[in-house]
Amino acid sequence: DIIEVVNEPVNDPPTSAGQGGGNYAEALGGAGQSGHDWVLNAFRMARRYFPKAQLWINEYDLLKKPSLSEKYMKMVMDLKKEGLLDGIGIQ
């Protein structure tokens, strides 16, 4: 019913094998024009393969760090523009 498509894209993006998030952002389009094309592409694929599921994104430390909040909100707004996002998590 609900899929958390991307978790912690700001604090732990999957851009380095040394981080906990893995190393697959480039395979999903990397930063691209938006700065977070990999996030958009992950949601596009999720919407295509799971059309009835609610698609969510989640991030932590946003309430403490306004600069992170701005980056996260840019992702959220870009996802909403394409009708790809059904819910957000904020910790």
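## Exposure and a bridge inside H2

A residue counts as exposed when its relative accessible area is over 50% and as buried when that area is under 20%. In this predicted model, Lys 81 is exposed because its relative accessible area is 69%. Its partner is another story: Asp 78 is buried, at 9%. The side chains of these two, Asp 78 and Lys 81, form a salt bridge with an N to O distance of 3.4 Å. Both residues belong to helix H2, three residues apart, or about one turn of the helix.

## Other salt bridges

The structure has six salt bridges. One of them pairs Arg 47 with Asp 86 at 3.1 Å, N to O. Arg 47 sits in helix H1 and Asp 86 in the loop between H2 and strand S3 (87-90), so this pair ties together parts 39 residues apart in sequence.

Asp 61 also pairs with Lys 65, their closest N and O atoms lying 3.4 Å apart. Here Asp 61 is buried at 18%, while Lys 65 is partly exposed at 38%.

## How H1 meets H2

Helices H1 and H2 (residues 66-81) pack at about 40°, with axes 10 Å apart, and their crossing is right-handed. From H1, Val 39, Leu 40 and Phe 43 meet Met 75, Asp 78 and Leu 79 of H2. The residues of this contact comprise five nonpolar, no polar and one charged.

## A buried charge without a partner

Now for Glu 8, found in the loop between strand S1 (2-7) and helix H1 (37-49). Glu 8 is buried but has no salt bridge, and the nearest side chain of opposite charge, Lys 65, is 12 Å away.

Key
Residues are numbered from 1 along each chain as its sequence is written. This is a predicted model: local features need pLDDT of at least 70, side-chain atom pairs count only at pLDDT 80 or more; totals for chains, interfaces and linings use all residues. Side-chain values use heavy atoms; hydrogens and water are left out. Helices (H or I, at least four residues) and strands (E, at least two) are DSSP runs, numbered from the N terminus. Buried means under 20% relative accessible area, exposed over 50%, partly exposed in between (1.4 Å probe, protein chains only). Lys and Arg count as positive and Asp and Glu as negative; His and the chain ends are not counted. A salt bridge is a side-chain nitrogen of Lys or Arg within 4 Å of a carboxyl oxygen of Asp or Glu. Axes are lines fitted to C-alpha atoms, for helices over the stretch in contact, and angles run from 0 to 180 degrees between N-to-C directions. A crossing is left-handed if the near helix is turned anticlockwise from the far one by less than a right angle, and right-handed if clockwise. Contact means heavy atoms within 4.5 Å. Ala, Val, Leu, Ile, Met, Phe, Trp, Tyr, Cys and Pro count as nonpolar, Asp, Glu, Lys and Arg as charged, and the others, Gly among them, as polar.
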